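The following exercises ask the reader to work through a structural model one step at a time. Each task is followed by its solution.

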Amino acid sequence: MTVEEHVVGYGADTERTPDEGKYVYCIIECAAPQSFGRMGIGGRNDEVCTIEHGGLSAVVSNTPVVVYDPTRENALTHEHVIETVLREFTVIPMSFGAIFRTHDDVVEFLKDTADALRDVLQKMEGKIEFGLKVNWDPETVLKQVEEETEEIRRLKEEILTNRLTSTYFARMQLGRMVERAMSEASDAYVREIYDQLRGCAIASRHNKPIGDKMILNAAFLIERERAAEFDDQVQEIARKYEGRLRFQYTGPWPPYNFVNIHLKLERAGVAS
Amino acid sequence: MVVERHSGGTSLIDVLDRVLDKGIVIDAWVRISLVGIDLITVEARIVVASIDTYLKYAEAVGITSPIARAPLGPAREGGAAPTERTVVERRETTREG
């Protein structure tokens, strides 16, 4: 995965500190200046504070204008700041690595995107995201599927005991049968998990499962007040499938999976 | 407790999965001529994936199967509902001088 450079702005005027920029973590609705502590990206313990315009605030820290690689330390710092802000505010997260050259660039950014930001902030008010990944053990499920499906069991037995003259076609057929049965089993689990959880979720996002053990990679948008209720539902479904499915449950996150603002900044001709 | 909820920052994979390409994404490497605050012309194309479509998707989940891609089947990012990808585009041009 390539990481684009996110250096925005052009600091030709050298009266400003040429190499100091503003790393932007997220946007909140807040008119009063805030400070979230000295935990900025870059390892210098820069203070994380806000730049405000029209009631919207960008949560920023000073940084040299460099392209940050998403190393473990940098990515976790980015996330840690956002998590800290999330405790008190509704947050629109910036993706990793956005640096503006100056304070004024950040203000212009807020000015130009204010309508969209307000719109999204209003929709995300009081909402948080939880992540849920569900894994199964393909070997165990395979064994189950073989035991439970009569035609698979029979075909496998015929192949093993070599009663067929040509096993090639039979093996192909067996493979397809097993694949379909596994797929159906996975669908059934996922459907049941969703049925359990959607009652207290506002929205859900189904991401691509990673690896062959994962059958569900989802994000759920939850009202903050209903977080405990969602917890209970996750517990309940996890208890039901204990030993069969493994749940990885994370959060609260800012609503990354439910906010998608794509900014394309262009040089728009020659300004007078 | 059968399953414990871990706070976001404890899994690097989960963090990277989110912070690299989600939220507010600045698309292009751009240079904005900027002299003080008296001049800036920014054309911002804002694409907000409609929350409403996600809500609709949540409704549809479980009713419209298949909602899951089995590990053996062809996996497609974004799940099954075609409406999920629907985006609302808004074009804004601000000029101040």
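**Exercise 1.** Determine whether V141(A) is buried or exposed, and describe its surroundings in this predicted model.

*Solution.* Step 1: count the C-beta atoms around the residue. V141(A) has 20 other C-beta atoms within 10 Å. Step 2: apply the cut-off, under which 20 or more such atoms make a residue buried; V141(A) is therefore buried. Step 3: place the residue in its element, which is helix α3 of chain A. Step 4: list its partners. With neighbours within four places in sequence left aside, V141(A) is in contact with W136(A), M182(A) and A185(A). Step 5: relate sequence to space. S186(A) lies 45 residues from V141(A) in sequence, yet the two C-alpha atoms are 9.4 Å apart.

**Exercise 2.** Establish how helix α3 of chain A and helix α4 of chain A are oriented towards each other, and which residues make the contact.

*Solution.* Step 1: note what is required. Two packed helices are described by the angle between their axes and the distance between the axes. Step 2: read the two values. Helix α3 (residues 138-148) and helix α4 (residues 150-160) of chain A pack at about 95 degrees, and their axes are 5 Å apart. Step 3: classify the angle. Values of 65 to 115 degrees count as roughly perpendicular, and α3(A) and α4(A) are therefore roughly perpendicular to each other. Step 4: identify the residues. α3(A) contributes V145(A), E146(A) and E147(A), while α4(A) contributes I152(A), R153(A) and K156(A). Step 5: sort these residues by character; two are nonpolar, none is polar and four are charged.

**Exercise 3.** Classify M214(A) and N45(A) by exposure, and locate each in chain A.

*Solution.* Step 1: take M214(A), which has 19 C-beta neighbours inside 10 Å and therefore counts as partly exposed. Step 2: locate M214(A) in strand β10 (residues 214-223) of chain A. Step 3: list its contacts. Not counting residues up to four places away in sequence, M214(A) touches K133(A), V134(A), N135(A) and P209(A). The C-alpha atoms of M214(A) and F247(A) are separated by 9.7 Å, although their positions lie 33 residues apart along the chain. Step 4: turn to N45(A), which counts as exposed because it has 11 C-beta neighbours inside 10 Å. Step 5: locate N45(A) in the loop between β3 (35-38) and β4 (47-53) of chain A. Its phi is near 55 degrees, a positive value in a residue other than glycine.

**Exercise 4.** Describe the largest nonpolar core and name the residues that touch the most other members.

*Solution.* Step 1: state the extent of the core, which holds 71 residues. Step 2: name C26(A), V59(A) and F220(A) as the residues that touch the most other members. Step 3: find the main contributor. Helix α5 (residues 167-197) of chain A gives the most to this core, namely eight residues. Step 4: check the domains; domain 1 (7-125) and domain 2 (129-256) of chain A each supply at least three residues. Step 5: examine F220(A). Beyond its neighbours within four places in sequence, F220(A) is in contact with E129(A), F130(A), L132(A), L197(A), A201(A), S204(A) and F230(A). Step 6: note that another core of six residues lies apart from the largest one, and that its members include A75(A), L76(A), F96(A) and L20(B).

**Exercise 5.** Characterise the contact between domain 1 and domain 2 of chain A.

*Solution.* Step 1: set the bounds, which the domain assignment gives as 7-125 for domain 1 and 129-256 for domain 2. Step 2: give the separation; the centres of the two domains, taken over C-alpha atoms, are 39 Å apart. Step 3: count the participants, six residues from domain 1 and four residues from domain 2. Step 4: identify the elements. On the domain 1 side, α1 (72-86) and β6 (91-93) of chain A each give two or more residues. Step 5: sort the domain 1 side by character, which yields six nonpolar, no polar and no charged residues.

**Exercise 6.** State which elements make up chain A and chain B, and what share of each chain is buried.

*Solution.* Step 1: chain A has six helices and 12 strands, and 42% of its 272 residues are buried. Step 2: chain B has two helices and four strands, in the order β-α-β-β-α-β from the N terminus. Step 3: of the 97 residues of chain B, 34% count as buried.

Notes:
Residues numbered from 1 in each chain as written. Chains lettered and ligands numbered in written order. Predicted model: local features only at pLDDT ≥ 70, side-chain atom pairs only at ≥ 80, totals over all residues. Axes fitted to C-alpha atoms, helices over the stretch in contact; angles between N-to-C directions. Parallel < 35°, antiparallel > 145°, perpendicular 65-115°, else oblique. Contact = placed C-beta atoms within 7 Å. Nonpolar A, V, L, I, M, F, W, Y, C, P; charged D, E, K, R; others polar. Core = buried A, V, L, I, M, F, W, Y, C linked by C-beta atoms within 7 Å. Buried ≥ 20, exposed ≤ 12 C-beta atoms within 10 Å, placed from the backbone. Domains from an automatic or database assignment.
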